Amino acid sequence: MKGIKFDFTNMFYPNIEKGIKYEEINEYKDKIEKIVSEILEEEPGFLKLPKNTKYLDKILDIQEWVQSFESFVVLGIGGSALGNIALQTTLNPLNYNYRNDRKTPKIFIVDNVDPDFVASVLDQIDPHTTLFNVISKSGTTAEAMSNYLIARGILESYGLDPKKHIVFTTDPENGILRKIAQEEGIETLEIPPEVGGRFSVLTPVGLLSALAGGIDIIDLLNGAKTMLEKVSNKNIYENPAALNALLHFLYYKKGYNISVMMPYSNKLLLLADWYRQLWAESLGKKYDINGEVVNVGQTPVKALGATDQHSQVQLYNEGPDDKIITFIKLEKFERDIKIPKIHEEYSALSYLGGKTLSELLNTELFGTEYALTEHGKPNMKVIFPEINAFNVGQFFFAYEFQTAIMGKLLEIDAYDQPGVELGKKVTYALMGREGYEEFSKEVKQKVEK
Ligand code: PA5
């Protein structure tokens with residue numbers, strides 16, 4: 001069948017003490033069936049996206065305008081940037097911005113307020129030929145807002161009309177960006193209110209910059225749509241998102257607190273960054289049970305094959321039994337390089353001559369998988385037959401659904417993030433935001449003590 005595949009073989013260890021056995025999965029069959037039904041019935045915002053063409057139509061309406069610029073700069077952070085980054089690095093050439101054959105704008109995604117980073121992007125653009133896409137669902141995030149002010153300041157200093165160089169992506173009704181848009185007539189795309197930041201890659205949040213960069217967003221949504229059908233299956237053995245969630249949950253209960261995602265492909269690497277946020281922010285929660293505080297969550301870690309074989313894999317093989325490794329395997333690379341037959345007189349080099357780099361990389365993946373399995377460490381694979389928008393759409397959707405299932409298994413709300421509020425409040429207070437004067441005093445007093 002077309003699309004990505006999941007291989008769970010090495011997650012099952014009937015012969016090691018903590019290894020998951022099929023009987024344990026079978027015990028959860030009914031529960032999983034109920035959870036999948038509940039999710040389909042509740043229809044959390046992200047679930048509606050693959051079938052909803054409302055947002056797509058609006059984006060396609062402005063395609064020509066968006067692609068008429070030399071540079072397209074996203075200003076956003078967290079869920080308002082990570083999907084965009086993953087889409088560009090995965091589906092466009094790694095050196096996309098620097099290619100002479102590029103037919104669509106250069107894409108920059110500014111997801112931090114590190115002045116060296118921001119300045120380095122500003123150095124590379126000409127404001128006259130740049131479109132800034134300010135993405136913020138809340139319209140209050142300090143990082144996105146300060147970068148918006150900087151971009152706007154630059155446009156104004158050149159005497160450029162902000163309406164011709166800015167597009168907002170924000171809530172349909174609320175927030176300061178919406179207000180400014182209404183007052184000034186700035187082009188604005190909607191983020192569906194019921195879709196949280198980290199679940200929003202398939203909304204205008206991720207789709208506009210993808211389209212700007214020439215990515216086939218229709219295929220991306222088609223991939224998500226086919227995955228929606230697949231993960232709607234209530235039979236755990238036919239639903240990869242459900243089986244993956246349950247395996248992660250059962251191992252988590254046995255002390256496997258870390259979930260490593262390790263693509264053996266530089267182009268697929270930043271899917272793991274997107275996954276890190278999804279898994280961490282959705283599932284790392286605390287709640288009260290009869291007055292007792294319970295903290296849950298599995299720490300997602302990103303690694304790159306083969307690079308991190310020389311950095312992390314010693315730990316994965318011989319370190320504590322606290323990690324599940326998910327490899328991402330690419331079967332067909334877009335390009336390949338043959339290793340020349342040079343120095344055939346040396347056996348340490350001659351075995352490489354005549355082989356391809358993709359052959360070497362995937363053999364290394366097999367070696368790491370084999371070694372982990374021999375060491376009794378659970379590992380699995382997501383297999384991309386090739387990199388295309390359809391397969392990436394499938395990947396995003398499978399992991400979003402898996403996160404929703406895991407949230408239910410952990411009995412937490414996967415869609416909120418109360419734990420990030422305090423840090424944001426302190427920033428507002430110390431940067432002098434109106435309404436935070438008392439809180440600012442409280443923080444300063446505490447620190448001075
Ligand atoms: O997943 C989330 O909700 C967060 O990571 C947000 O995306 C992030 O904080 C940015 O928020 P906003 O889009 O409101 O600026």
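**Exercise 1. A histidine in a loop**

Task: Place His 343 between its flanking elements, then describe its backbone and its exposure.

Solution.
- Step 1. His 343 sits in the loop between strand 11 (323-332) and helix 16 (347-350). The model is predicted.
- Step 2. Check the backbone. His 343 has a positive phi of about 60°, although it is not a glycine.
- Step 3. Set that against the general rule. Most residues other than glycine have a negative phi.
- Step 4. Check exposure. His 343 has 39% relative accessibility. Partly exposed lies between the 20% and 50% cut-offs, so His 343 counts as partly exposed.

**Exercise 2. A glutamate and a cis bond**

Task: Which loop holds Glu 43, and which peptide bond is cis?

Solution.
- Step 1. Glu 43 is in the loop between helix 2 (29-42) and helix 3 (45-48).
- Step 2. The phi of Glu 43 is positive, about 50°, and Glu 43 is not a glycine.
- Step 3. At 37% relative accessibility, Glu 43 is partly exposed.
- Step 4. Now the cis bond. The peptide bond from Gly 305 to Ala 306 is cis, with omega near 0°.
- Step 5. Place it. Ala 306 lies in the loop between strand 10 (299-302) and helix 15 (313-318).
- Step 6. Recall the general rule. Most peptide bonds are trans.

**Exercise 3. The two sides of helix 10**

Task: Sort residues of helix 10 (residues 176-184) into buried and exposed. Then find what covers the buried ones.

Solution.
- Step 1. Leu 177, Arg 178, Ile 180 and Ala 181 are buried.
- Step 2. Look down the axis of helix 10. Its buried residues fall within an arc of 165°, so they line one face of the helix.
- Step 3. Turn to the other side of helix 10. Gln 182 and Glu 183 are exposed there.
- Step 4. Find the cover. The buried residues of helix 10 are covered by elements including strand 4 (130-135), helix 8, strand 5 (166-170) and strand 6 (187-190).
- Step 5. Follow the chain onward. Just after helix 10, Gly 185 takes a positive phi of about 70°.

**Exercise 4. The buried face of helix 4**

Task: Which residues of helix 4 (residues 54-61) are buried, and what covers them?

Solution.
- Step 1. Tyr 55, Leu 56 and Ile 59 are buried.
- Step 2. Seen down the axis of helix 4, its buried residues fall within an arc of 100°, so they line one face of the helix.
- Step 3. The cover over the buried residues of helix 4 includes helix 5 (63-67), strand 6, helix 11 (204-212) and helix 12.

**Exercise 5. Two buried residues and an exposed one**

Task: Give the location, exposure and contacts of Ile 236, Gln 277 and Lys 164. Leave out contacts up to four places away in sequence.

Solution.
- Step 1. Ile 236 lies in the loop between helix 12 (217-231) and helix 13 (240-253). Its relative accessible area is 2%, so Ile 236 is buried.
- Step 2. Ile 236 touches Ile 25, Lys 29, Ile 32, Ala 242, Leu 243 and Leu 246. Ile 236 and Lys 29 are 207 residues apart along the chain, yet their C-alpha atoms are separated by 6.4 Å.
- Step 3. Gln 277 is in helix 14 (residues 269-283). Its relative accessible area is 12%, so Gln 277 is buried too.
- Step 4. Gln 277 touches Gly 78, Gly 79, Leu 82, Arg 198 and Ser 282.
- Step 5. Lys 164 is in helix 9 (residues 162-165). At 54% relative accessibility, Lys 164 counts as exposed.
- Step 6. Lys 164 is in contact with Trp 65, Phe 69 and Leu 131.

**Exercise 6. The cavity**

Task: How many cavities of 30 Å³ or more does the structure hold? What is the volume of the largest, and what lines it?

Solution.
- Step 1. The structure holds 1 cavity of 30 Å³ or more.
- Step 2. The largest cavity has a volume of about 60 Å³.
- Step 3. Its lining consists of Val 73, Leu 75, Val 110, Val 118, Val 121, Leu 122, Phe 132, Asn 147, Ile 150 and Ala 151.
- Step 4. Strand 2 (71-75), helix 7 (115-124) and helix 8 (142-157) are the elements that each give two or more residues to this lining.
- Step 5. Sort the lining by type. There are 9 nonpolar residues, 1 polar and no charged.

**Exercise 7. Confidence**

Task: Which scores describe confidence in the predicted model?

Solution.
- Step 1. The protein averages a pLDDT of 96, and 99% of the residues score at least 70.
- Step 2. The model scores ipTM 0.98 and pTM 0.97.

How values were computed. Residues numbered from 1 in each chain as written. Predicted model: local features only at pLDDT ≥ 70, side-chain atom pairs only at ≥ 80, totals over all residues. Heavy atoms only, no water. Buried < 20%, exposed > 50% of the residue type's maximum accessible area, 1.4 Å probe, protein only. Contact = heavy atoms within 4.5 Å. 1 Å grid on protein atoms, 1.4 Å probe; cavity = no way out; pocket = protein on both sides within 12 Å on 5 of 7 lines; lining within 4 Å. Points joined across faces, edges and corners; volume = space filled by probe spheres on them. Nonpolar A, V, L, I, M, F, W, Y, C, P; charged D, E, K, R; others polar. pLDDT = per-residue confidence, 0-100. Arc of directions from axis to C-beta.
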